[in-house]
Amino acid sequence: MKLTKDLVAASAAPLILAILGDGESYGYAIIQRVRDLSAGRIEWTDGMLYPVLHRLEAQGLVTSRWRESAETGRRRKYYALRREGRAAMAEQKEQWSVVHQALSTAWGAA
Amino acid sequence: MFDFEERIGLWKQSLSASSLGDRPEVLDELEGHVRDEVERLVRGGEAPERAWAAAVERVGSREQLAREFAKVHEAPAWLAGRVALLAVAVVAVLTGWVVGSRLIAGRFGALLALHVFSITVAYAATVIVGALCAWTVVSRAAGRWGAARATAFRSAAWKLSAIGLVLTIVGVALGAWWARDHLGRYWGWDGKEVGGLCVLLWNGVICGALHRGRTRALNLR
């Protein structure tokens, strides 16, 4: 099963916020994490991830900095949630719960 | 023979020819990703050449990347922040002009001129940070606030407070030096000196708090 483009786009920001909610991370690791979380059913490309990350940064929800990775020694851009990002994550969680609950109830009744 | 570094170089070159070229940071980020992916695939037993092809495909074509990145807009500039920075620049120019002309006329020595300049600009920056904070409170009350503005506010407050802190340190130090030559002592706890020290400490506290906020956001120790 493949998710529709619209659904992938809509869920991108909440997923990124949720992953960064566990601690700072970088682009490649975020894509891996999304793959794991969805058991391989959500496959993001860089072309999709980085623009969303940069937009979240422009909105002041996440912050970033270049740092050398301890394992590889290569420089990586790490992203982390700002306080505003944490608030946005809570808000997203609430909204998606409403949708989830409504759909569950509707499908349960059908 | 498959030369990974050469491929990376050519690939980055082809990307920089697109509209991504004016964002070297993005190219570095994408490069890191390709390296990570190739490493993972090769570790999994894939031949380097095939790993390379798969990694580049996963990142997306030049056109795709350029199209997606074109949708990202930089945060709109915050007018109040710009005005605040401009105001400090204006004070610096005016003070420089007044102090400079006195220096040339021989009414100020170099030490006193530098002291007056640093202290005036430092105090102006400190007062302007205060004004910016007051404006922020009004904006928030009026509901015209958001995460992007908060970021712009932090950035402007940081720049102004850093200017305030550095110039107060310079000004106080030069003042003490001047006092040694003219009053026979470095420090005498008079009103001006205590005032300078208070401003210095205040800017230090603000800079420290802003720095701490950023460090916390990044989960750094």
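Okay, so let's start right at the end of helix α2 in chain A, where the next thing you meet is Ala39(A), with a positive phi near 55°. Keep in mind that we're looking at a predicted model here. What makes Ala39(A) worth a pause is that its phi is positive, about 55°, although it is not a glycine. Where does Ala39(A) sit? You'll find Ala39(A) in the loop between α2 and α3 of chain A. And is Ala39(A) buried or exposed? Its relative accessible area is 60%, and the cut-off for exposed is over 50%, so Ala39(A) counts as exposed.

Now step back into the helix itself. Helix α2 of chain A covers residues 27–37, and its buried residues are Gly27(A), Tyr28(A), Ile30(A), Ile31(A), Gln32(A), Val34(A) and Arg35(A). So what covers them? From chain A, the cover includes α1 (5–20), β1 (25–26), α3 (46–58) and β3 (75–81), and chain B adds its own α2 and α3. So keep both chains switched on when you look at this part, okay?

Let me pick out one residue from that list, Gln32(A). Its place is in helix α2 of chain A. Why do we call Gln32(A) buried? Its relative accessibility is 18%, and buried means under 20%, so Gln32(A) makes the cut. Who does Gln32(A) touch, if we leave aside its neighbours within four places in sequence? Those contacts are Glu37(B) and Arg40(B), over in chain B.

That takes us to the two helices that meet there. The axes of α2(A) and α2(B) come within 9 Å, and they cross at roughly 50°. That angle makes α2(A) oblique to α2(B). On the chain A side, the residues in the contact are Tyr28(A), Ile31(A), Gln32(A) and Arg35(A), and they meet His33(B), Asp36(B), Glu37(B) and Arg40(B) on the chain B side. Sort this contact by class and you get two nonpolar, two polar and four charged residues. Here's a handy bit of background for reading lists like that: an α-helix has 3.6 residues a turn, so residues three or four places apart point the same way.

Let's stay with α2 of chain B, which runs over residues 24–43, and look at its meeting with helix α3, residues 48–59, of that chain: their axes come within 9 Å and cross at roughly 140°. How are the two helices set against each other, then? At that angle α2(B) and α3(B) are oblique to each other, and the crossing is right-handed. From α2(B), the contact uses Leu30(B), His33(B), Val34(B), Glu37(B), Val38(B), Arg40(B), Leu41(B) and Val42(B). From α3(B) come Pro48(B), Ala51(B), Trp52(B), Ala54(B), Ala55(B), Arg58(B) and Val59(B). By class, that contact has eleven nonpolar residues, one polar and three charged. And look who turns up again: His33(B), Glu37(B) and Arg40(B) are in this contact, and they are also among the residues that meet α2(A).

Further along chain B, there are two more residues to point at. Ile163(B) is in helix α7, residues 147–183. With a relative accessibility of 32%, Ile163(B) counts as partly exposed. Now find Val121(B): it is 42 residues from Ile163(B) in sequence, while the C-alpha to C-alpha distance is 8.4 Å. Then go to Trp189(B), in the loop between α7 and α8 (191–217) of chain B. Trp189(B) has a positive phi of about 55° and is not a glycine. Trp189(B) is exposed, at 59% relative accessible area.

Last bit, the two chains as wholes. Chain A has four helices and three strands, in the order α-β-α-α-β-β-α. Chain B has eight helices and zero strands. Of the 110 residues in chain A, 45% are buried; for the 221 residues of chain B, the figure is 36%. What about contacts between residues at least 6 apart in sequence? In chain A, 47% of those join residues at least 24 apart, and in chain B it's 67%. And the accessible surface? Chain A comes to about 6,100 Å², with 55% belonging to carbon and sulfur atoms, and chain B to about 13,000 Å², with 65%.

Key: Residues are numbered from 1 along each chain as its sequence is written. Chains are lettered from A and ligands numbered from 1 in the order in which they are written. This is a predicted model: local features need pLDDT of at least 70, side-chain atom pairs count only at pLDDT 80 or more; totals for chains, interfaces and linings use all residues. Side-chain values use heavy atoms; hydrogens and water are left out. Axes are lines fitted to C-alpha atoms, for helices over the stretch in contact, and angles run from 0 to 180 degrees between N-to-C directions. Angles under 35 degrees count as roughly parallel, over 145 as roughly antiparallel, 65 to 115 as roughly perpendicular and the rest as oblique. A crossing is left-handed if the near helix is turned anticlockwise from the far one by less than a right angle, and right-handed if clockwise. Contact means heavy atoms within 4.5 Å. Ala, Val, Leu, Ile, Met, Phe, Trp, Tyr, Cys and Pro count as nonpolar, Asp, Glu, Lys and Arg as charged, and the others, Gly among them, as polar. Buried means under 20% relative accessible area, exposed over 50%, partly exposed in between (1.4 Å probe, protein chains only). Accessible areas come from the Shrake-Rupley method with a 1.4 Å probe; for residues, only the protein chains shown count as cover.
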